[in-house]
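Q: I am new to this structure and would like a close look at a single part of it. Please start with one place in the backbone and then show me what lies elsewhere.

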Number of protein chains: 2
Amino acid sequence: MALIVQKFGGTSVANAERIFNVARIITETYAAGNNVVAVVSAQGDTTDDFIEKAAEINANPSKREMDVLLSAGEQISMSLLAMAIEKLGFPVISLTGWQAGFLTDSSHGAARIRKINVERLENEVDQKKIVIVAGFQGVNRFDNITTLGRGGSDTSAVAIAAAMKADLCQIYTDVDGVYTADPRYVGNAQKLDEITYDEMLELATLGANVLHNRSVEMAKKYNVNMEVLSSLERLPGTKVKEVTKVEKMLIRGVARDNNVARLSIIGVPDAPGIAFKVFSALAKSKINVDIILQSIGREGTKDISFTVALDHKLEAMKVLDSMKEIIRADKITCDDNVSKVSVVGAGMQSNPGVAAKMFEALSEAQINIQMISTSEIKISVLISRADSEKALTAIHDSFIH
Amino acid sequence: MALIVQKFGGTSVANAERIFNVARIITETYAAGNNVVAVVSAQGDTTDDFIEKAAEINANPSKREMDVLLSAGEQISMSLLAMAIEKLGFPVISLTGWQAGFLTDSSHGAARIRKINVERLENEVDQKKIVIVAGFQGVNRFDNITTLGRGGSDTSAVAIAAAMKADLCQIYTDVDGVYTADPRYVGNAQKLDEITYDEMLELATLGANVLHNRSVEMAKKYNVNMEVLSSLERLPGTKVKEVTKVEKMLIRGVARDNNVARLSIIGVPDAPGIAFKVFSALAKSKINVDIILQSIGREGTKDISFTVALDHKLEAMKVLDSMKEIIRADKITCDDNVSKVSVVGAGMQSNPGVAAKMFEALSEAQINIQMISTSEIKISVLISRADSEKALTAIHDSFIH
């Protein structure tokens, strides 16, 4: 008898009809002879409603009380889902984060799971109950309620699957799997049957928006078999695991990330230590720098460009401005009208032709490359945002037919 | 330094403005040098909204899951109230039922408090924090969430006051105290400065709707000083305690209860054991019988009438119907067009004139008395509901000038 962990997001339980749809997926899995633990997010707009309610009262509430408020959202959705399963005639019990044994650190709003005490979960499963667990939440060692932050429910599901040694962790979402590119922009994007953790991680980081990378990192660490599939259509999804079947495909996907800004420091003296000063100041302010480009400028000076996430743009500019005297730059500029487009695939490690093929596709589409960065399984380019959809299609079509 | 427990109902925290009103009452009490533990109900219509959401999914959900759902209501209101207090610049922490140590039995939907583990409550108070506690909820010994049922938040507040040996338990509500009669119906109803537990119990049971009698029973048992007062006006309320100052007033109040139905068994043989059979069958079905009247009927038969709460009417009729053969009654009738009107006051124990005065007032108002019941501190009459407002005023005016 297999143990299957299933996770359903907020849109999947937004109203009574969708709750019953989810209840049927769960009970069919159970009726097929499996044990089922289902992790559920807050209904549709509940979280936004709560944030609005709080903002009316206090623009800057403590994160501890915010977690108390937000965690009520899953308590509502999980009990309603349990009632739907009762209605379908199956044995069921819902558990909050603390009831399910989720112990986290004390970073309210972005807590990390320390441990799951699975005793109660196992006990309820042993009694042949379907167990519904509130995603996104836990308690710290002082019994204060915490929330896991963005993508938290995916992480809750993977953590349960790891702790209970589940056979499969299914992430139900509003897309039916992982695609070679975003199907909204790339006409002949193809669904992948399988993808490795590393490939999925690169795609998640690069803005594929299917799985949060915290959950994929955890799945990789504990070797949890994941599957991404649609809660609306009953089709096989995409399996995420350690090793996948060798496929003809050289690359696994093409992703675009618009959450990026390019900062440039123009005309700094060509002397050692400048780059070090800049990047250590940024690191001190906890600003992550992605692609870096250093080039020769006019008359013994150089230019340094780098990219940061859009939400860090203003703070990064502030850091650079405060250093203007020290680094003696002519000018500091910022461009947030850019996109990062990347190809991802384990197959490219042993194939030097990938970069050439990518640049050729971009050149044929007359798209200018501003910056380049490469890793073992990915090549990223920074281009003008206006070109990004054209770039997605051009690169995708040159690799995947 | 005094410890004051304050309780605020759902209407007192219905929106942001009212939440700040409550936050000011709490912080003023704290700023005056007291420790404060505040118990709060769910906001306004939250509970009704939740019940509606559940009904859409399952007309008959398990009480366990219903408790999970409903208890989210206080979690929302308590965190919002804490945020308002943070905004006013005071140290505060909110605690759910389980965090506050509320241990109950397992009667989901109507749980009884077994014990409060006050360690955490005391700890937070010792740290000079204002503590906000979710009313109405606790956990059973299996860590399942329970709710206390009607009047639960009053009971939560009194239980905390008893367990922490608080100096005062203030129940804030939408009336400013306990009146000699319902001011909506009786023009010159007067607010009482003080009332004993027993008197308050009789008034609560008789439909005065100010305090739930479970909370008063607990206050009496643990000798908790209570005060009922308005959250909107800053006026002294009514103190509820063991012994009150001797006042001129003979009676403490006049109450009306419309939640009553009269059942009659007409023409049963005048033989021993009939009444016993009827009332033991009703007791077995957990139906509380209030006033009982047995009278001689025609030709060696007798009639038995009694009253039950309106919500038990149908079940009581079912019990009587099932016994028709055994008790050989000519006829079983039911009248729910009745009211119970009562005078309450410790002063009447030693004054035989109270009943006479009450009956005189009713007679002068030409109101027919159907049944009478008396206890040491109360006299109740059953009358036609159409006469009940006239009766309230007539009795009130004859005792209280």
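**A loop and its surroundings**

A: Let's start with A:Lys286, which sits in the loop of chain A between helix 8 (274–284) and strand 15 (289–296); helices (H or I, at least four residues) and strands (E, at least two) are DSSP runs, numbered from the N terminus. The model is predicted: local features need pLDDT of at least 70 and side-chain atom pairs 80 or more, while totals for chains, interfaces and linings use all residues. Residues are numbered from 1 along each chain as its sequence is written, with chains lettered from A and ligands numbered from 1 in the order written.

What catches the eye at A:Lys286 is a positive phi, near 60°, in a residue other than glycine. Most residues other than glycine have a negative phi. A:Lys286 counts as exposed, because 8 C-beta neighbours lie inside 10 Å. (Buried means 20 or more other C-beta atoms within 10 Å, exposed 12 or fewer, and partly exposed in between, with C-beta atoms placed from the backbone.)

Chain A has another lysine to set beside this one. A:Lys128 has a positive phi of about 65° although it is not a glycine, and its place is the loop between helix 4 (119–126) and strand 6 (130–134) of chain A. With 10 other C-beta atoms within 10 Å, A:Lys128 is exposed too.

A positive phi also turns up at A:Asn223, near 55°, just after helix 7 of chain A. That helix, residues 213–222, has buried residues: A:Arg214, A:Ser215, A:Val216, A:Met218, A:Ala219 and A:Lys220. Among the elements that cover them are helix 5 (152–163), strand 9 (168–173), helix 6 (197–205), strand 11 (226–230) and strand 12 (238–241) of chain A.

For a wider view of chain A, an automatic or database assignment gives domain 1 (3–173) and domain 2 (261–335). Their centres, taken over C-alpha atoms, are 43 Å apart.

Now for the helices of chain A that pack together. Helix 2 (residues 46–57) and helix 3 (residues 63–87) of chain A meet at an angle of about 150°, with axes 10 Å apart. (Axes are lines fitted to C-alpha atoms, for helices over the stretch in contact; angles run from 0 to 180 degrees between N-to-C directions.) Helix 2 of chain A brings A:Thr46, A:Thr47, A:Phe50 and A:Ala54 to this contact, while helix 3 of chain A brings A:Met66, A:Leu69, A:Leu70, A:Gly73 and A:Ile76; contact means C-beta atoms, placed from the backbone, within 7 Å.

Helix 2 of chain A also reaches across to the other chain. Its axis and that of helix 3 of chain B come within 9 Å and cross at roughly 30°. The residues that meet are A:Lys53, A:Ala54 and A:Ile57 on one helix and B:Leu80, B:Met83, B:Ala84 and B:Lys87 on the other.

Taken as a whole, the contact between the chains involves 25 residues from chain B and 25 residues from chain A. On the side of chain B that touches chain A, helix 1 (16–31), helix 2 (46–57) and helix 3 (63–87) of chain B each give two or more residues. Helix 3 of chain B supplies the largest share of that side, 13 residues.

One last stop is B:Ser375, in strand 19 (residues 371–375) of chain B. B:Ser375 is partly exposed, because 13 C-beta neighbours lie inside 10 Å. Its C-alpha atom is 9.4 Å from that of B:Val344, a residue 31 residues away along the chain.

Note on methods
Two residues are in contact if their C-beta atoms, placed from the backbone, lie within 7 Å.
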